[in-house]
Amino acid sequence: MLYGGSKEASASVSKDAEVMLKLGSTPDKREQYRLMRDAMEKRFLRITKGSIIGGVRLGLFTAAFYGLQDVLAEKRGVHDVFNVVGAGSATAATFGLILPGSLPWRLRNSAMGSVLGAAICFPLGWVHLKLIEKANEGNAVSHPIGGERKSGVGAAIDRLEGNLNK
């Protein structure tokens, strides 16, 4: 959203220059006020529209990535780095296809997106996997209560209570 809004804000500088030229040529203060108000309203609407469109694009990209990652994990039956790499590669390739341009240019963007998506997602997927393993370490050695092991929120609450009682 910030990117879309800042892009529109920087693009509207030329529009502001046009308004300033009109202001200089109009001696009436009411007309100047009206021109300034109209320019600010249009700028606000442009920036808001850019922010919303940027947010929607980010949301679509994120939904496609995580949806594809979950589909791969479900089909393969394992949660590993290659699910993240496959989802990143396929999502980047798909978004490379929908960029504007001719067909050869879109295919080039798709191929580059696929390679860059895999290259960027491999280390990120590895770090994510290691963080999940580290987080689950505490759950595996959680305090047994009543002969059974707890996991998730219950184990975290028990660990917190144990630390507070010390």
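Let me start with R34, which forms a salt bridge with D38, the closest N and O atoms lying 2.8 Å apart, where a salt bridge is taken as a side-chain nitrogen of Lys or Arg within 4 Å of a carboxyl oxygen of Asp or Glu. This is a predicted model, in which local features need pLDDT of at least 70 and side-chain atom pairs count only at pLDDT 80 or more, while totals for chains, interfaces and linings use all residues. Residues are numbered from 1 along each chain as its sequence is written, and side-chain values use heavy atoms, with hydrogens and water left out.

Why do R34 and D38 sit about one helical turn apart? They are separated in this way because they are 4 residues apart in helix 3, which covers residues 29–76; helices here are DSSP runs of H or I with at least four residues, strands are runs of E with at least two, and both are numbered from the N terminus. R34 counts as partly exposed at 33% relative accessibility, and D38 is likewise partly exposed, with a relative accessible area of 23%. For these classes, buried means under 20% relative accessible area, exposed means over 50%, and partly exposed lies in between, with a 1.4 Å probe and protein chains only.

D38 also forms a salt bridge with R37, the closest N and O atoms in that case being 3.9 Å apart, and R37 is partly exposed, with a relative accessible area of 38%. Taken together, R34, R37, D38 and E41 are linked in a network of salt bridges. As general background, side chains of opposite charge can pair when their charged atoms come close.

The structure holds 5 salt bridges, and one of them takes us to another helix: the side chains of K130 and E133 meet at 3.5 Å, N to O. Both K130 and E133 lie in helix 5, residues 103–140, where they are 3 residues apart, about one turn of the helix. K130 counts as partly exposed at 36% relative accessibility, and E133 is partly exposed with a relative accessible area of 41%.

Let me step back to the chain. It has 6 helices and 0 strands, and, read along the sequence, it follows the pattern α-α-α-α-α-α. Of its 166 residues, 23% count as buried. Among contacts between residues at least 6 apart in sequence, 45% join residues at least 24 apart, a contact meaning heavy atoms within 4.5 Å. The accessible surface comes to about 12000 Å², of which 67% belongs to carbon and sulfur atoms; these areas come from the Shrake-Rupley method with a 1.4 Å probe, and for residues only the protein chains shown count as cover.

Turning to the annotation, an unreviewed UniProt entry lists residues 50–69 and 81–99 under "transmembrane region", and I would add that UniProt positions are given in the numbering used here, that feature names are shortened, and that annotations may be inferred rather than shown by experiment. In the model, residues 50–69 are 100% helix and 0% strand, with the end C-alpha atoms 28 Å apart. Residues 81–99 are 89% helix and 0% strand, and their end C-alpha atoms lie 27 Å apart.

What does Q69 touch, leaving aside its neighbours within four places in sequence? Q69, which lies in helix 3, is in contact with N83, V84 and A87, and Q69 itself is buried, with a relative accessible area of 13%.

T48 is also placed in helix 3 and counts as partly exposed at 28% relative accessibility. The side chain of T48 reaches the backbone oxygen of F44 at 2.7 Å, while T48 and G4, 44 residues apart in sequence, are 8.6 Å apart in space, C-alpha to C-alpha.

In helix 4 we find A90, which is partly exposed at 29% relative accessibility. A90 and A118 are 28 residues apart in sequence and 8.5 Å apart in space, C-alpha to C-alpha.

I will finish with L97, which belongs to helix 4, residues 81–97, and is partly exposed, with a relative accessible area of 37%. Together with I98, L103 and L107, L97 makes a nonpolar surface patch of about 400 Å². Patches are made of residues with over 30% relative accessible area and no salt bridge, like charges being joined within 9 Å and nonpolar side chains (Val, Leu, Ile, Met, Phe, Trp, Tyr) within 5 Å.

Note on methods. A polar contact is a pair of N or O atoms within 3.5 Å; within protein, one must be able to donate a hydrogen and the other to accept it, and residues adjacent in sequence count only if both atoms are side-chain atoms.
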